[in-house]
Amino acid sequence: MDVKAAPNGVATIEDRILRITGYYGYYPGYSSQKSTSRSSVTRCKPGANCPSSHSSISRQLSPLSVTEDSSAPILELQSRGSSGVCGHRAERQNRSGDDGTQTHPENSSQENRIKARCLSCTSMVLKAIWGLLIILSVSSSWVGTTQIVKITYKNFYCPFFMTWFSTNWNIMFFPVYYSGHLATAQEKQSPMKKFRECSRIFGEDGLTLKLFLKRTAPFSILWTLTNYLYLLALKKLTATDVSALFCCNKAFVFLLSWIVLKDRFMGVRIVAAIMAITGIVMMAYADNFHADSIIGVAFAVGSASTSALYKVLFKMFLGSANFGEAAHFVSTLGFFNLIFISFTPVILYLTKVEHWSSFAALPWGCLCGMAGLWLAFNILVNVGVVLTYPILISIGTVLSVPGNAAVDLLKQEVIFNVVRLAATIIICIGFLLMLLPEEWDEITLRFINSLKEKKSEEHVDDITDPSVHLRSRNRAIGSVSIPLA
């Protein structure tokens with residue numbers, strides 16, 4: 001029976017089955033060639049010699065017999081069907097094994113990355129928590145110091161003696177640092193070894209008498225002037241005004257660094273400096289340029305200026321210091337103050353510029369509270385740089401302004417008019433502008449560009465989603481009909 005060839009060249013049903021099932025040995029005309037080979041075989045009667053047929057078989061067929069050859073395609077299909085499935089399974093298992101060996105290091109690397117991210121996130125969270133605590137501690141210690149000074153002035157007004165007394169407490173800075181070292185460090189060092197290690201801030205040779213006098217004297221004088229002028233300003237102005245004016249030291253630090261240290265020029269910091277100067281003038285104008293107001297503003301601005309000069313000179317001659325070196329240096333300032341500046345309050349006492357009746361009449365509670373909070377403020381400022389971000393320390397300092405304002409309002413010592421309130425806000429804004437990093441404009445542009453890219457990607461995804469659904473539906477509809485021919 002002759003079978004007509006299909007339009008696509010497939011001759012028989014067997015060819016169609018082989019093509020559909022994916023039989024790799026299939027080629028067009030496979031079944032027709034087998035049928036011709038089978039038809040060419042001549043069947044002989046038993047006992048008859050058929051040399052021509054044997055020769056034709058030997059020429060056309062393999063060495064197998066006719067019966068084996070006739071059953072070969074079916075056997076081969078069955079073996080292909082069973083072994084093909086098993087072969088695919090074996091290949092899949094081998095591939096899965098190879099993929100397992102390849103994905104094992106990938107999984108471990110992904111786990112390491114996840115652990116690293118978790119550690120970085122936890123460290124950031126801890127830094128933020130420490131930063132919040134230090135912000136509150138710095139602002140509260142500075143507010144407490146300022147308010148205790150105002151309370152002390154009601155019965156005792158000796159600003160230089162108070163400055164000298166509180167500066168002597170700086171000697172305790174290094175013992176406090178060493179106590180923390182003993183409590184936290186795994187490898188503990190002796191006090192002398194730690195003292196020599198931290199004295200490298202003065203040079204490779206450590207602290208010598210020459211360096212003690214040369215490096216400590218100017219900084220001790222600037223430290224004393226800063227605190228003394230601050231206390232003088234508190235006598236003339238309210239705590240809110242003095243703390244706000246003292247925040248101008250950031251602007252003065254920038255101007256001095258730009259002039260002396262040749263730091264990078266930044267327009268935003270120039271604007272902040274102008275805002276600080278504007279706030280100073282408005283603060284003096286708040287009381288209609290009263291004599292006490294002008295003198296108090298001058299004292300506060302002088303305190304901010306000496307503080308800025310102290311920071312710039314420290315950066316010029318000593319550079320940056322770690323926590324231990326800062327503790328050593330501040331304690332050295334306390335020793336210098338005790339040894340070389342103690343004659344000044346004695347002279348003021350003998351000349352009756354700062355006189356008191358007896359030592360028993362001194363307000364030791366207020367004096368010790370002021371000195372302790374001042375020491376805590378200095379310790380927190382240096383500890384905060386180690387535990388958290390330095391910018392948070394500055395934020396804690398500027399938060400002392402609203403803190404003092406709240407206390408003054410409760411005590412009814414200040415009446416905020418429009419000019420004083422505007423001056424305080426302008427100075428605080430200028431202080432915050434000083435905290436911007438040098439690459440703030442580049443960081444801002446990158447942030448804006450990243451936001452634009454995210455919005456554009458979301459817009460593209462919203463547009464492409466309907467087309468993807470349509471394509472998937474078309475593919476699903478088209479995969480229903482599978483042509484056999």
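**Exercise 1. Find the aromatic cluster and place F161 in the model.**

Solution. F156, F161, W164, F165, W169, Y349, W356, F359 and W364 form one aromatic cluster. The model is predicted. Next, take F161 and set aside its neighbours within four places in sequence. F161 then contacts F156, P345, E354, W356, L362 and L367. Now turn to the nonpolar cores. The largest has 54 residues. F156 and F161 are among those with the most contacts inside it, as are M162, L234, L245 and V297. Helix α11 (residues 267-285) gives the most to this core: six residues. A second, separate core has 20 residues, including C198, I201, W223 and I379.

**Exercise 2. Classify the ring pair F202 and F329, and say what it joins.**

Solution. The structure holds 31 aromatic pairs. In this one, the ring centres are 5.9 Å apart and the planes meet at 40 degrees, so the pair is tilted. Locate each partner. F202 lies in the loop between α7 (191-198) and α8 (209-236), and F329 lies in helix α13 (residues 323-340), so the pair ties together parts 127 residues apart in sequence. Both F202 and F329 are buried.

**Exercise 3. Do the same for Y310 and F314.**

Solution. The centres are 6.4 Å apart, with 25 degrees between the planes. Planes under 30 degrees apart count as stacked, so Y310 and F314 form a stacked pair. Both sit in helix α12 (residues 291-317); because they are four residues apart, about one helical turn separates them. Check burial against the cut-off of under 20% relative accessible area. Y310 has 14%, so Y310 is buried. F314 has 16%, so F314 is buried too.

**Exercise 4. Find the charge over the ring of Y157.**

Solution. The charged end of K235 sits over this ring, 4.8 Å from its centre.

Key. Residues numbered from 1 in each chain as written. Predicted model: local features only at pLDDT ≥ 70, side-chain atom pairs only at ≥ 80, totals over all residues. Heavy atoms only, no water. Core = buried A, V, L, I, M, F, W, Y, C linked by side-chain atoms within 4.5 Å. Buried < 20%, exposed > 50% of the residue type's maximum accessible area, 1.4 Å probe, protein only. Helix = DSSP H or I, 4+ residues; strand = E, 2+ residues; numbered from the N terminus. Contact = heavy atoms within 4.5 Å. Phe/Tyr/Trp six-rings, centres within 6.5 Å; stacked < 30°, edge-to-face > 60°. Lys NZ or Arg CZ within 6 Å of the ring centre and 35° of its normal.
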